[in-house]
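Grab a pencil and open your viewer. Here is a handful of exercises to work through, each with a solution you can check yourself against.

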Amino acid sequence: GPRHPQSMKLTVNGTARDVRATQVEELVAELGLPLAAALVELNGTALLRSEWTSAALREGDELEIVRMVAGG
(Lines give C-alpha, C1' and ligand atoms only; values in the text may rest on other atoms or scores of the structure.)
Protein backbone atom coordinates (compact mmCIF):
# COMPACT_ATOMS: atom_id res chain seq x y z
CA GLY A 1 0.00 0.00 0.00
CA PRO A 2 0.96 3.65 -0.02
CA ARG A 3 3.63 4.69 2.45
CA HIS A 4 2.58 7.29 4.96
CA PRO A 5 5.03 9.30 7.00
CA GLN A 6 4.87 8.53 10.71
CA SER A 7 3.50 11.97 11.47
CA MET A 8 3.05 15.45 10.09
CA LYS A 9 3.25 18.82 11.75
CA LEU A 10 -0.01 20.72 11.46
CA THR A 11 -1.34 23.78 13.19
CA VAL A 12 -4.68 23.08 14.86
CA ASN A 13 -6.51 26.00 16.46
CA GLY A 14 -3.22 27.88 16.62
CA THR A 15 -1.29 25.03 18.25
CA ALA A 16 1.42 23.03 16.48
CA ARG A 17 0.64 19.32 16.63
CA ASP A 18 2.16 16.12 15.32
CA VAL A 19 -0.58 14.01 13.84
CA ARG A 20 -0.76 10.68 12.04
CA ALA A 21 -3.99 11.43 10.20
CA THR A 22 -3.76 11.81 6.43
CA GLN A 23 -7.16 13.40 5.87
CA VAL A 24 -9.58 15.55 7.79
CA GLU A 25 -11.97 12.89 9.06
CA GLU A 26 -9.06 10.91 10.52
CA LEU A 27 -7.74 14.04 12.18
CA VAL A 28 -11.04 14.86 13.85
CA ALA A 29 -11.21 11.29 15.14
CA GLU A 30 -7.57 11.39 16.27
CA LEU A 31 -8.28 14.54 18.27
CA GLY A 32 -11.17 12.76 19.96
CA LEU A 33 -13.83 15.12 18.65
CA PRO A 34 -17.32 13.90 17.79
CA LEU A 35 -17.53 13.72 14.01
CA ALA A 36 -21.15 14.84 14.02
CA ALA A 37 -20.47 17.98 16.04
CA ALA A 38 -17.33 19.45 14.53
CA LEU A 39 -16.85 22.29 12.07
CA VAL A 40 -13.54 22.28 10.17
CA GLU A 41 -11.69 25.00 8.31
CA LEU A 42 -8.63 23.96 6.32
CA ASN A 43 -6.26 26.83 5.50
CA GLY A 44 -9.11 29.29 5.91
CA THR A 45 -11.69 27.39 3.87
CA ALA A 46 -14.68 25.84 5.60
CA LEU A 47 -15.14 22.22 4.60
CA LEU A 48 -18.43 20.44 4.10
CA ARG A 49 -18.81 17.24 6.08
CA SER A 50 -18.83 15.35 2.77
CA GLU A 51 -15.39 16.75 1.93
CA TRP A 52 -13.63 15.46 5.03
CA THR A 53 -12.63 12.12 3.54
CA SER A 54 -11.34 13.70 0.33
CA ALA A 55 -9.50 16.62 1.95
CA ALA A 56 -5.91 15.45 2.22
CA LEU A 57 -3.71 16.94 4.90
CA ARG A 58 -0.23 18.21 4.08
CA GLU A 59 2.69 19.18 6.26
CA GLY A 60 2.20 22.72 7.54
CA ASP A 61 -1.55 22.92 6.96
CA GLU A 62 -3.47 25.18 9.30
CA LEU A 63 -6.82 24.00 10.61
CA GLU A 64 -9.48 25.44 12.82
CA ILE A 65 -11.72 22.83 14.37
CA VAL A 66 -14.73 24.09 16.29
CA ARG A 67 -16.97 21.86 18.32
CA MET A 68 -20.53 22.87 17.70
CA VAL A 69 -22.77 23.04 20.73
CA ALA A 70 -26.34 21.93 20.25
CA GLY A 71 -29.12 23.94 21.80
CA GLY A 72 -30.77 27.26 21.38
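The exercises below go from the overall fold down to single residues, and keep in mind that this is a predicted model.

**Exercise 1. Work out which pattern the chain follows along the sequence, and how the strands are ordered in the sheet.**

Start by counting elements: the chain has one helix and five strands. Next, read from the N terminus, and you get β-β-α-β-β-β. Now turn to the sheet. Its five strands are arranged as β2-β1-β5-β3-β4, the sheet is open, and the pairing is mixed. Finish at the edges: β2 (15–19) and β4 (45–46) each pair on one side only, which makes them the edge strands.

**Exercise 2. Compare the radius of gyration of the chain with that of a compact globule.**

First, take the rule: for 72 residues, a compact globule would come out near 11 Å. Then take the chain itself, which has 12 Å, so the two agree. For the extents, the C-alpha trace spans about 45 × 25 × 20 Å along its principal axes. As for the surface, the chain exposes about 4,900 Å², and carbon and sulfur atoms supply 51% of that. Of the 72 residues, 26% count as buried. Last, look at contacts with a separation of 6 or more: residues 24 or more positions apart account for 52% of them.

**Exercise 3. Follow strand β3 and say which side chains are buried and which are not.**

Begin with the background: in a regular strand, side chains alternate between the two faces of the sheet. Apply that here. Ala38, Val40 and Leu42 point to one face and are buried. Leu39 and Glu41 point to the other face and are not buried.

Now add the neighbours. On one side, β3 (residues 38–42) runs antiparallel to β5 (residues 62–67), and five bridges join them. Within that pairing, Leu39 has Val66 as its bridge partner, and Glu41 stands opposite Glu64. β3 is also antiparallel to β4, this time with two bridges. Here Glu41 turns up again, with Ala46 as its bridge partner in β4.

One last stop is the hairpin of β3 and β4. Two residues lie between these strands, and Asn43 takes a positive phi near 50°.

**Exercise 4. Find the salt bridges and say how exposed their residues are.**

The idea behind the search is that side chains of opposite charge can pair when their charged atoms come close. With a limit of 4 Å between the side-chain nitrogen and the carboxyl oxygen, the count comes to two.

Take Lys9 and Asp18 to begin with: their side chains meet at 3.1 Å, N to O. Lys9 has a relative accessible area of 47%, so it is partly exposed. Asp18, at 48%, is partly exposed too.

Then there is Glu25 with Arg49, where the closest N and O atoms are 3.1 Å apart. Glu25 sits in helix α1 and Arg49 in the loop between β4 and β5, so this pair ties together parts that are 24 residues apart in sequence. Glu25 is partly exposed at 24%, and Arg49 is partly exposed at 39%.

**Exercise 5. Decide whether Val12 and Leu31 are buried or partly exposed, and list what they touch.**

You need one cut-off: buried means under 20% relative accessible area. Val12, in strand β1 (residues 8–12), comes in at 6%, so it counts as buried. Leu31, in the loop between α1 (24–30) and β3, comes in at 22%, so it counts as partly exposed.

Now the contacts, leaving out residues within four places in sequence. Val12 is in contact with Arg17, Leu27, Leu31, Leu63 and Ile65. Leu31 touches Val12, Arg17 and Ile65. For a long-range check, Val12 and Glu64 are 52 residues apart in sequence, yet their C-alpha atoms are 5.7 Å apart.

**Exercise 6. Say which residues have the most contacts inside the largest nonpolar core.**

In soluble globular proteins, nonpolar side chains tend to be buried together. The largest core here has 17 residues, and those with the most contacts inside it are Val24, Leu27, Val40, Leu57, Leu63 and Ile65. To see where the core comes from, go element by element: β1, α1, β3 and β5 each give two or more residues. Then zoom in on Leu27. Beyond its neighbours within four places in sequence, Leu27 is in contact with Leu10, Val12, Val19, Ala21, Leu57, Leu63 and Ile65.

Key
Residues numbered from 1 in each chain as written. Predicted model: local features only at pLDDT ≥ 70, side-chain atom pairs only at ≥ 80, totals over all residues. Heavy atoms only, no water. Pairing = 2+ DSSP bridges. Helix = DSSP H or I, 4+ residues; strand = E, 2+ residues; numbered from the N terminus. Buried < 20%, exposed > 50% of the residue type's maximum accessible area, 1.4 Å probe, protein only. Contact = heavy atoms within 4.5 Å. Core = buried A, V, L, I, M, F, W, Y, C linked by side-chain atoms within 4.5 Å. Rg over C-alpha atoms; globule rule 2.2 N^0.38 Å. Areas by Shrake-Rupley, 256 points an atom, 1.4 Å probe, with all protein chains shown as cover.
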